[in-house]
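Here's a quick tour in questions and answers. Have the sequence and the 3D view open as you read.

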Amino acid sequence: MRAMRTARVRTFLAGLALLGGTTPAFADDEPAGLDVALSRRRNVVQMSFDVTSTFTEEFRKRLSGGLTSLVLMNVALLDQRGDAIVKRTRRCEMRFDIWDEVVHLRTSDGPRIQRKRFPLIEDALRACGVVEQVPLVDSALMRRSSGYRVMVQVALNPVSPELMEKSREFMSNPRGTSSGRPRAFFGAVARFFRSQTGAKADAFVFRSGPLSRPARASP
């Protein structure tokens, strides 16, 4: 069984409730498994998954201290060969107001932007890390009935230009087979993120199991 390091996540009950049994992959590890559900609304395929296990103790401490925190979530839908059909990005900016004791959360899913306030930090983290029926791709682009996978990269506070550039490289080539890069390029991306301790950033890589094209829901 493939060994993976355990995420540094708080062990109190609220944190356990958020984990959902998923252990993120670091550095040279293979991508961690991720439960992804695809659904269909009219001609749009939607995605649902939970990556709250990536929110480390260090990230939570930074947020609770009142510092603005950023979560960058890159998603790629892969076909049977591992080529990206479509790529999406979710961006969460959150700040805990220590005076009013409320968390301000701004979530961007492409052009869709939501702004909310939460009295509890755990609720804000869940609103960011739990992706529920977010549009992924036009169903016409999923020409086969099965064999798809979803790859997700989560970066915490990727503040330096180099980190952002590495994130963009991952999105341009999630499989890592072109431009002379090996298939384990995603591992190199995660390793780069983990090495930049001065930037206080962590990155995690997940990959779903085989997925089928969802049937259109009955009206």
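Q: Where is E101 found?
A: This is a predicted model, where local features need pLDDT of at least 70, side-chain atom pairs count only at pLDDT 80 or more, and totals for chains, interfaces and linings use all residues. Residues are numbered from 1 along each chain as its sequence is written, and side-chain values use heavy atoms, with hydrogens and water left out. Helices (H or I, at least four residues) and strands (E, at least two) are DSSP runs numbered from the N terminus. E101 sits in the loop between β5 and β6.

Q: Is E101 buried or exposed?
A: Buried means under 20% relative accessible area, exposed over 50%, and partly exposed in between (1.4 Å probe, protein chains only). E101 has a relative accessible area of 55%, so the label is exposed.

Q: Which residues does E101 touch, not counting those up to four places away in sequence?
A: A contact means heavy atoms within 4.5 Å. One partner is 18 residues apart from E101 in sequence, yet 6.5 Å apart in space, C-alpha to C-alpha: that's P119. The full list is F96 and P119.

Q: How many bridges join β5 and β6?
A: Two strands pair if DSSP finds at least two bridges between them. Strands of a sheet pair through backbone hydrogen bonds, either parallel or antiparallel. Within this pair, R90 stands opposite D109 in β6. Strand β5 (residues 84–97) and strand β6 (residues 102–109) run antiparallel, and the count is eight bridges.

Q: What are the edge strands of the open sheet of seven strands?
A: The order is β1-β10-β9-β4-β5-β6-β7, with mixed pairing. An edge strand pairs on one side only, and that fits β1 and β7 (112–118).

Q: What angle does the direction of helix α3 make with that of β5?
A: Axes are lines fitted to C-alpha atoms (for helices, over the stretch in contact), and angles run from 0 to 180 degrees between N-to-C directions. Helix α3 (residues 121–129) packs on the sheet, touching β4 (69–78), β5, β6 and β7. Its direction and that of β5 make about 165°.

Q: Is V36 buried or exposed?
A: V36 lies in the loop between β1 (32–34) and β2 (37–41). Beyond four places in sequence, V36 touches S48, F49, V150, S208 and L211. With a relative accessible area of 12%, V36 is buried.

Q: Why are the buried residues of α2 on the same side?
A: In helix α2 (residues 57–64), the buried ones are F59, R60 and L63. They share a side because of the arc they cover around the axis, taken from the directions from the helix axis to the C-beta atoms. That arc is only 100°.

Q: Which rings make the one aromatic pair that a search of the whole structure finds?
A: Rings of Phe, Tyr and Trp (its six-membered ring) pair if their centres lie within 6.5 Å; planes under 30 degrees apart count as stacked, over 60 as edge-to-face and the rest as tilted. Here the centres are 5.6 Å apart and the planes are at 20°, so the pair is stacked. The rings belong to F55 and F59.

Q: Which helix has the lowest mean pLDDT among the elements of the chain?
A: pLDDT is the predictor's confidence in each residue, from 0 to 100. The chain's mean is 76, but pLDDT stays under 50 over residues 1–23. The highest mean among the elements, 97, belongs to α3, and the lowest, 24, to helix α1 (residues 13–19).
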